Structure formats: C-alpha cells, structure tokens
Amino acid sequence: MLVHDTALVFGRYARQTLRSKFQILFGILMPLLYLLLFGPLLTGLPLGPVGDSWQVLVPGLLLQLGLFGASFAGFAVIIDKSTGVMERMRVTPVSRTALLLGRALRDALLFMFQAVLLVLVAVLMGLRAPLPGVLIGFAFVGLLTLSLASLSYALAMKVGTPQEFGPVINSLTMPAMLLSGLMLPMTLGPRWLDVLSHFTPLRYLVDAVRDAYVGSYATAHMLYGVLVALGFAALAVTVGTRVFRKAGA
C-alpha cells in the first residue's frame, strides 16, 4: 500500500510540475548563470591536483541546484496548508509516509532532469567527463534532493507562514554553500576554513562528485560521499516521516 500511495501522490505532483514549464526551466537559472558567467573566469586556472576547471565547477553547480531547489520545496506545503489541501489529504486513507515520499521523489526527479540540462550546456562550453562519473553525479543530486526536500517539508509542517519559513532556510543554506566548496575547492582557502568545512555534510558529496568527474571512483572521497549521502537521506526521510505522521494523528 505504501508503494501504491506514494505513486498516487507522486503522480499528482508530477502532473502539476509538467503543467508548469516556468518551474522546470527557471529552477535551473541560477546554476546556469554561474556556468555561463562565472565558469569562463576559471578556465585554465589550477583549481585542483587533477582535472580542469570545468570538472571542478560543474559538480559544485549540480549540488547547488539540489541544495537551493530542494531546501525551498517546503513552500508548497505551506500553500497547501493555507488553502486546505493538506487537511483534505489527511482525512483520506493515504499513508502519511506516502504524503512525504511522493512529494520528495517528484522533487528528486525534477532536479535530476534539470541536472541533465545543466551538464549538456556544460559539455557545449568545454566540459569533458567520463559517462560513469556523470551518472554518479546525477545519483548524488537525487539523494541530496530527497534528503533536503524531506527536511524542508518537515519544517513547513511545523511553521505557519512563509515569513517564518524563508529566513530559517536562508540561514541554513548560505553557510552550507559557503563551507562546502561548491564554487571552489576548500583546499584553496586557509587551513582553519578547510577544517571547518568538514563539519558540513555537503562537503563530502562535493568531493565525491569531483572525483567521479575525473574518473576516480575507488577513493576515500567517494567512500565518504556515498556513506554521508545515504546516511543523510535515511535520517532526513525518517525525520520527515515522523513529522507527517504526528501531523496526521
């Protein structure tokens, strides 16, 4: 029943997304601007021990897409709460877990599609990366989106207005972006900043995807990235599920 209910919720929100071309295309706008306007400034710079500047920048932009897109996904729940949609869904026999997973899986699929568009543009601009590494990058985007969307929806169930939700998300996403090395490797900064960045889970995902983009798969970065991504996803879905179950009790 959980799979059936999740598919129903996923289908509902997937159809909404397909009817909104604006959401699909403009969600990729910020990473695309970084790619077009910031990427050429890094061409030829020695940003890492291996790989070129595109193999450093594009993995960061992929995860930036998931970070900002999924973190703000909870606004949709706040709208559903204010219009009574959430109340009507709660009185149905649909699993409360499915109410979360259906939404989060829709978000994961959406941002993976946007990630494909971003990589295609990057290839036109000069990115060269092995196909297995690119596919690994998409998998990390999907896991990150699933995790952050679940937490975002859980937070949205706890707050009452967008004015409460927005500042909390901004105060969490900006430090995560700055400390994870999305734009540039943290090893280029001072030692204390590099050490501090290791307390940010996103740092491990960024390092893993960058290794994948240069064809290095059996590395410590990859191992840590996979473990952190899976552990973070399990924790986030568990927290989100509990919040949705308590809200529907």
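A residue counts as buried here when its relative accessible area is under 20%, as exposed when that value is over 50%, and as partly exposed in between. Keep that scale at hand, because Arg106, an arginine with 8% relative accessibility, falls on the buried side of it. The model you are looking at is a predicted one, so let us walk through it with that in mind.

Start with the whole chain. It has 12 helices and zero strands, and from the N terminus on the elements run α-α-α-α-α-α-α-α-α-α-α-α. Along its principal axes, the C-alpha trace spans about 60 × 35 × 35 Å. What radius of gyration would a compact globule of 249 residues have? The expected value is near 18 Å, and the chain has 18 Å, which agrees. Of the 249 residues, 48% count as buried. For a sense of distance inside the fold, take Pro167 and Gly126: they are 41 residues apart along the chain, and their C-alpha atoms are separated by 37 Å. Pro167 has its place in helix α9, and with a relative accessible area of 49% it is partly exposed.

Helix α9 brings us to the aromatic rings. The structure holds three aromatic pairs. One of them joins Phe72 and Phe75, whose ring centres are 6.1 Å apart with 5 degrees between the planes, a stacked arrangement. Phe72 is partly exposed because its relative accessibility of 26% lies between the two cut-offs. Phe75 is partly exposed as well, at 27%. Phe75 also pairs with Phe165, this time edge-to-face, at 4.8 Å centre to centre and 75 degrees between the planes. This second pair links distant parts of the chain: Phe75 belongs to helix α5 (residues 75-83) and Phe165 to helix α9 (residues 162-180), 90 residues apart. Phe165 has a relative accessible area of 0%, so it counts as buried. Taken together, ring pairs link Phe72, Phe75 and Phe165 into a cluster, in which Phe165 is buried while Phe72 is partly exposed.

Another contact with a ring involves a charge. Arg12 lies over the face of Tyr13, at 4.9 Å from the ring centre.

Now turn to the surface. Which residues make the nonpolar surface patch of about 720 Å²? They are Phe22, Leu25, Phe26, Leu29, Leu33, Leu36 and Leu37. The elements giving two or more residues to this patch are α2 (21-26) and α3 (29-42). Of these, α3 gives the most, with four residues. Leu36 is a good residue to look at here: its place is in helix α3, and its relative accessibility of 39% makes it partly exposed. That value also explains why Leu36 can belong to the patch at all, since patch residues need over 30% relative accessible area.

The charged side chains come next. A search of the whole structure finds five salt bridges. One of them brings us back to Arg106, whose side chain meets that of Asp107 at 2.9 Å, N to O. Is Asp107 buried or exposed? It is buried, because its relative accessible area is 3%, and Arg106 is buried too, at 8%.

Further along the chain, Asp194 and Arg191 form a salt bridge of 3.7 Å, N to O. Both lie in helix α10 (residues 191-197), three residues apart, about one turn of the helix. The two partners sit in contrasting surroundings: Asp194 is buried, with a relative accessible area of 9%, whereas Arg191 is exposed, at 62%.

In helix α11 there is another bridge to follow. The closest N and O atoms of Arg203 and Asp207 are 2.8 Å apart. These two residues are four apart in helix α11 (residues 201-213), so about one helical turn separates them. Both are buried: Arg203 has a relative accessible area of 5%, and Asp207 has a relative accessibility of 13%. Salt bridges that share partners join Arg191, Asp194, Arg203 and Asp207 into one network. That network therefore includes residues from α10 and from α11, with an exposed member in Arg191 and buried ones including Arg203.

Terms used. Residues are numbered from 1 along each chain as its sequence is written. This is a predicted model: local features need pLDDT of at least 70, side-chain atom pairs count only at pLDDT 80 or more; totals for chains, interfaces and linings use all residues. Side-chain values use heavy atoms; hydrogens and water are left out. Rings of Phe, Tyr and Trp (its six-membered ring) pair if their centres lie within 6.5 Å; planes under 30 degrees apart count as stacked, over 60 as edge-to-face and the rest as tilted. Buried means under 20% relative accessible area, exposed over 50%, partly exposed in between (1.4 Å probe, protein chains only). A charge sits over a ring if NZ of Lys or CZ of Arg is within 6 Å of the ring centre and within 35 degrees of the ring normal. Patches are made of residues with over 30% relative accessible area and no salt bridge: like charges are joined within 9 Å, nonpolar side chains (Val, Leu, Ile, Met, Phe, Trp, Tyr) within 5 Å. Accessible areas come from the Shrake-Rupley method with a 1.4 Å probe; for residues, only the protein chains shown count as cover. A salt bridge is a side-chain nitrogen of Lys or Arg within 4 Å of a carboxyl oxygen of Asp or Glu. The radius of gyration is taken over C-alpha atoms; the globule rule is 2.2 Å times the number of residues to the power 0.38.
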